[in-house]
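User: I'd like to go through this structure feature by feature. Could you give me the general idea each time, and then the case at hand?

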Amino acid sequence: MSTLIESPHFPINEINEFSAGEKRGGGRPDFWEMVFWWTRKPLIGARSVIAGALVPSNFSPFEFKRLVRLWPETKSPHRENPSVSPRLKEHLSKVKLLDPFAGFGSIPLEAVRLGVGEVVAVELLPTAYVFLKAILEYPRERGERLVKDVERWGEWVLERLREDPDVKELYDEDVAVYIGSWEVKCPHCGRYTPLVGNWWLARVPERAGRAEEAEGEGEGEGEGEEVRSGAFRRLAWMAPYTSSSAVGIRVVDLNKELGLRGVRASVNARQGRVEASGRVYDVPRPNVDARRETATCLLCNNAIRGVGRKWYVKEALKEYNENLERYLRGEITMEDLLKSRARPRILVKVKIVGKELEFEPATSEDGEKLWKALKKLRGMWGDPDVPAEMFAPYQMGTAGALRITLWGFDKWYKLFNPRQLITLVKLVKLIREAGKKVEEEKLREGWSREEALKYAEAVTTYLAVALCKYADYSSVAAGWNQSLIMGHSLSMRGIAMIWNYNDIAPWVSWTGAYIRNLSTLTESLTFLVSAVSGSPSGVKVLLDDATVLSKLRDEKFDLIVTDPPYRDDVPYAELSDLYYVWLKRALSDVEESFGMMRLAPRFHKEAFFDDLGNEVEVQWKAFALREVSENEGRIQHFGVKGNAFNHFKSLLSESFKAMASKLKDDGLLVTYYAHTSPEAWEALLEAGWLSGKMRVAAAHAMATESTESVVARGKVRLDMSIVAVWRKGVEGEALVDEVYAKAVEACSKDAHEYRKAGLEGVNLFVAVLGKVLSHFTQYERLIGLKATDEPFVQNLVKNYIYPATAEAIVRSYGAVGARLSPPSMFYLLSKVLVSRRPRQARRVLDRTSATVLSIGTRSYLEGLEDQRIVQRERDSYVLLEPRWGAREPRDAIWDALTVRELNPREPRVRTAIDVLHLLEFYAITLPKEEFKRRADELRGRRPGLFDEAMALARALASGLPAGDPERELAENVVEALEPAGLGTLDSFIRR
Ligand SMILES: C[S@@+](CC[C@H](N)C(=O)[O-])C[C@H]1O[C@@H](n2cnc3c(N)ncnc32)[C@H](O)[C@@H]1O
Ligand SMILES: [Zn+2]
């Protein structure tokens with residue numbers, strides 16, 4: 001049975017629109033606030049993919065939208081459960097679905113909401129495994145009561161924490177957040193100068209919307225608009241002042257100073273200039289810049305550089321981190337430690353007064369509190385609840401994950417200042433104790449041992465998840481942000497060195513504080529309970545390796561939907577160790593063994609202890625090499641031969657083999673994949689087609705990651721995610737040129753169907769690419785590929801699949817009369833596939849889009865530059881088309897001739913696009929007879945180019961959106977030169 005997801009009626013436009021809304025702040029699924037995980041997929045997309053793969057291709061699109069709730073009037077379809085008819089319910093209940101790369105569970109969760117009979121979620125990493133249980137299992141099994149108990153025991157934990165004298169004396173009663181940074185001993189004057197990467201405390205425009213927690217792709221420090229005039233709800237910054245021996249911090253708070261709730265001001269953040277109430281204020285410039293490796297002493301104003309290639313500041317931080325460990329081991333005194341060339345420094349205290357924030361300079365007593373905490377830690381040294389595990393000691397990926405290790409933060413406890421650390425450790429102990437109490441309570445109520453333990457596990461898991469979030473938001477790598485959207489340690493694709501960080505009191509209602517995490521947890525849980533509690537699905541969460549799937553044995557699935565990692569995008573194992581080290585402690589017991597305390601199994605023991613009962617120290621040691629990803633540093637560290645990309649490809653291939661072996665013969669596999677670029681397809685085809693022996697049945701472009709790459713009008717890019725639909729059944733062999741010809745022929749009709757269904761831009765491109773692939777991948781062997789140095793799949797993708805896709809789309813626009821040359825195809829496809837962004841004079845093709853189109857049309861970007869068809873601007877390409885926003889169409893085309901260096905009086909014609917633009921110009925400026933004469937002249941001189949230009953004109957006249965200035969220009973040409981009624985080939989194909 002062919003399914004809806006394989007047909008042109010799969011409503012990808014609507015799905016993408018709602019998916020984009022879901023990724024934006026405010027629209028995010030409630031349970032995502034539980035704790036951060038990378039690259040989570042929008043729920044409505046996952047729901048539509050699953051449902052689309054389970055209903056037949058002739059399923060009414062109207063009914064489908066009702067089923068998944070894709071209605072224009074539904075603002076957030078993912079907040080509502082699908083509406084499954086009784087007949088469909090019956091069908092779905094017989095389906096078995098698997099997601100072997102389940103992550104934070106968008107796909108299995110939606111399968112459960114749809115009522116899929118059996119849902120299996122697999123994850124390699126213990127952290128994700130525990131989170132998946134918290135998402136998929138407990139809310140369904142325990143319902144409302146669980147929410148209440150988590151609330152109750154969360155309060156219990158907090159109350160004990162509040163009473164703990166060790167913790168109490170570390171915080172001022174009224175402080176919500178301490179903003180900390182580092183100070184270094186100046187190599188010139190010998191005094192300590194603070195290092196401040198950003199002096200802003202608050203810069204919040206009046207209508208900035210609700211303060212949201214930053215999701216993964218946040219920019220961290222220094223983001224926000226650079227220049228802005230208008231009303232500000234908050235404007236405050238720090239300013240240093242100096243005495244003979246030290247630097248003090250002053251707070252400038254304009255709202256307070258001017259006595260206004262909203263301040264009208266003009267702010268130039270780059271220059272640090274603020275104008276308000278007729279006065280000009282200077283906000284200090286940062287005195288440290290890690291990227292340039294520069295810093296300035298605020299006392300003597302000397303630049304702090306380094307010796308040779310070693311930057312003084314970095315070396316100083318390393319020294320502190322080393323001395324910290326020596327102090328805790330009892331090898332040096334606190335005095336020695338504080339003589340290190342770097343040390344922590346609290347800059348400002350943030351209080352909540354009424355509904356407003358108040359900033360106060362930190363005092364020397366505030367510093368003292370940190371030293372007090374240090375002393376307590378010293379007394380605790382050896383306690384297994386202090387996480388002394390190693391960070392992964394290698395560098396990873398392009399994002400520079402774990403760059404902070406280069407500063408001497410080599411063990412997890414060093415990621416927290418002494419106060420943060422004490423509080424986290426105390427929370428571990430209290431959560432552990434709460435777990436015991438829950439169990440005792442249940443036993444007293446007469447539950448069986450097993451049941452009581454299981455229930456305690458559920459409640460304790462949530463208390464520990466809230467702890468993970470707290471550790472993420474309150475660390476020396478969690479950045480203070482002037483937009484008051486709190487940064488967190490994992491907000492980049494790695495853990496980076498930053499300066500101003502948040503040190504958050506656990507009991508104050510503040511993003512990331514333990515108490516707040518408990519209350520968001522209640523919301524998350526309430527959502528999850530309402531999403532899954534009525535579902536008839538059976539759910540299983542497994543800790544397993546997707547490249548092997550050893551725990552599944554002989555099980556076969558009707559549907560596998562999954563979202564494997566993309567190359568070097570995220571080093572999951574190493575980064576989520578930040579959670580692992582806390583989760584493991586809060587969910588395990590402690591016991592004495594040979595006079596030493598150590599962790600002992602209690603909850604989720606399969607996640608934290610191996611088969612022999614040994615503690616799994618950190619995830620990176622146990623799992624990094626099995627994580628499907630490309631990671632140079634990693635494979636070098638573990639001594640794996642070969643290059644990282646091949647390592648990734650072979651793991652991806654293994655996982656496709658494993659999936660194919662678990663798929664029923666008539667089953668469907670649907671994979672998400674992060675890019676539409678040719679390289680991405682190469683890896684995917686090697687894995688799915690060559691190794692998995694599956695053929696592509698269809699593909700779609702999906703909005704999944706940042707809103708930037710979303711298909712909204714005017715924002716089309718070709719680097720979206722792809723969803724590929726695979727089927728079993730690859731056999732025989734064929735001549736590649738014959739397949740090519742057939743594919744172009746058939747797919748131009750598909751392209752037409754997709755366009756009729758409303759697809760455009762990248763959606764259209766990927767959908768047609770999917771259909772082209774279905775022709776090529778049905779064979780086990782393709783023969784007669786032209787000889788190149790490229791590996792087989794690369795050769796196929798670049799020289800056959802992309803060109804066939806481009807040609808099929810061009811043909812669907814009717815431009816078949818004349819065979820179009822590569823530059824003409826490039827121009828046409830850029831015009832019909834890429835939208836202009838608002839306010840831009842011309843279409844701009846980002847790098848990926850330009851590459852995709854140049855490969856598809858077999859043209860060369862340098863050549864296109866020489867022919868003045870595109871103009872390179874840094875990393876993108878401007879299409880030199882008639883200008884948008886001109887007063888008259890003739891200005892639009894005149895402008896194009898000018899930038900294209902084409903003189904209409906004595907034109908030197910290079911390409912058909914030159915002829916086209918000349919014709920467009922003549923048609924609008926010359927009297928009809930004169931125009932015809934000029935056109936004939938051009939035809940006589942360059943007959944081939946002339947025919948091509950006319951084919952282009954027809955395609956543009958029919959294919960461009962109404963707002964495009966070239967549409968009218970092309971129409972003029974066609975009308976004047978072609979007998980009326982001939983119509984476009986577009987309508988020809990339709991007949
Ligand atoms: C792109 S994420 C999945 C995100 C998920 N779809 C969501 O919406 O939250 C990929 C996941 O695959 C997991 N993973 C990586 N290698 C794996 C392997 N060999 N077996 C199982 N899972 C693996 C990673 O830990 C990561 O959570
Ligand atoms: Zn100095």
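Analyst: We'll take the metal site, the ligand, some backbone angles, a few side-chain contacts and some distances in turn. Keep in mind that this is a predicted model.

User: Let's start with the metal. Which residues coordinate the zinc ion (ligand 2)?

Analyst: The way in is to look for donor atoms, meaning N, O or S within 2.8 Å of the metal. Here the zinc ion (ligand 2) has the SG atoms of Cys186, Cys189, Cys297 and Cys300, at 2.2 to 2.3 Å.

User: And what geometry does the site of the zinc ion (ligand 2) have?

Analyst: For the general idea, four tetrahedral donors ideally make angles of 109.5 degrees at a metal. In this model the angles among the 4 donor atoms run from 107 to 115°, and the site is tetrahedral.

User: How are the donor residues of the zinc ion (ligand 2) spaced in sequence?

Analyst: You read that as a pattern of cysteines and gaps: C-x2-C-x107-C-x2-C. The pair Cys189 and Cys300 links distant parts of the chain, 111 residues apart. Cys189 sits in the loop between strand S3 (175-185) and strand S4 (192-195), while Cys300 is in the loop between strand S12 (294-295) and strand S13 (306-307).

User: Are Cys189 and Cys300 buried, exposed or partly exposed?

Analyst: The buried class ends at 20% relative accessible area, and exposed begins over 50%. Cys189 has 25% relative accessibility, so it counts as partly exposed. Cys300 also comes out at 25%, so partly exposed again.

User: On to ligand 1. Which residues come nearest to it?

Analyst: Start with the shell, then pick out the polar pairs. There are 23 residues around ligand 1, and Lys41, Phe104, Glu123, Ala546 and Asp563 come nearest. By class, that shell has 11 nonpolar, 4 polar and 8 charged residues.

User: Which polar atoms of the protein lie by the oxygen and nitrogen atoms of ligand 1?

Analyst: Check whether each partner is backbone or side chain. A polar backbone atom of Phe104 is 2.8 Å from an oxygen atom of ligand 1. Leu124 also offers a polar backbone atom, 3.3 Å from a nitrogen atom of the ligand. With Asp563 the partner is a polar side-chain atom, 2.8 Å from a nitrogen atom of ligand 1. As for cover, ligand 1 has 610 Å² of accessible area on its own, and the protein covers 99% of that.

User: Now the backbone. Which residues have a positive phi although they are not glycines?

Analyst: Two cases to look at are Leu484, with a phi of about 65°, and Arg874, with a phi of about 50°. Next, ask where each one sits. Leu484 is in the loop between helix H13 (449-473) and strand S17 (501-504). Arg874 lies in the loop between strand S28 (870-873) and strand S29 (876-879).

User: Is Leu484 buried or exposed, and what about Arg874?

Analyst: Leu484 has 19% relative accessibility, so it counts as buried, the limit being under 20%. Arg874 is exposed, with a relative accessible area of 80%.

User: What joins the side chains of Glu389 and Lys584?

Analyst: You look for a polar pair and read its distance, then check the setting. For Glu389 and Lys584 it's a polar contact of 2.8 Å. Glu389 lies in the loop between helix H11 (364-380) and helix H12 (418-444). Its relative accessibility is 5%, so Glu389 counts as buried.

User: How far is the side chain of Thr193 from the backbone nitrogen of Leu298?

Analyst: A polar atom of the Thr193 side chain lies 3.1 Å from that nitrogen. Thr193 is in strand S4 and is buried, with a relative accessible area of 0%.

User: Last one: how far apart in space are Phe232 and Met486?

Analyst: Set the sequence separation beside the C-alpha to C-alpha distance. Phe232 and Met486 are 254 residues apart in sequence and 18 Å apart in space. Phe232 is in strand S6 (residues 227-242), and at 2% relative accessibility it counts as buried. For another pair, take Ile855 and Tyr462: 393 residues apart in sequence, 50 Å apart in space. Ile855 is in helix H26 (residues 847-856) and is buried, with a relative accessible area of 14%.

Conventions:
Residues are numbered from 1 along each chain as its sequence is written. Chains are lettered from A and ligands numbered from 1 in the order in which they are written. This is a predicted model: local features need pLDDT of at least 70, side-chain atom pairs count only at pLDDT 80 or more; totals for chains, interfaces and linings use all residues. Side-chain values use heavy atoms; hydrogens and water are left out. Donors are N, O and S atoms within 2.8 Å of the metal (3.2 Å for Na, K and Ca); water is not among the atoms, so sites may look incomplete. Four donors count as tetrahedral if all angles lie between 85 and 135 degrees; four count as square planar and six as octahedral if opposite donors are over 155 degrees apart and all others between 65 and 115; anything else is irregular. Helices (H or I, at least four residues) and strands (E, at least two) are DSSP runs, numbered from the N terminus. Buried means under 20% relative accessible area, exposed over 50%, partly exposed in between (1.4 Å probe, protein chains only). A residue is near a molecule or strand if one of its heavy atoms lies within 4 Å of it. A polar contact is a pair of N or O atoms within 3.5 Å; within protein, one must be able to donate a hydrogen and the other to accept it, and residues adjacent in sequence count only if both atoms are side-chain atoms. Accessible areas come from the Shrake-Rupley method with a 1.4 Å probe; for residues, only the protein chains shown count as cover. Ala, Val, Leu, Ile, Met, Phe, Trp, Tyr, Cys and Pro count as nonpolar, Asp, Glu, Lys and Arg as charged, and the others, Gly among them, as polar.
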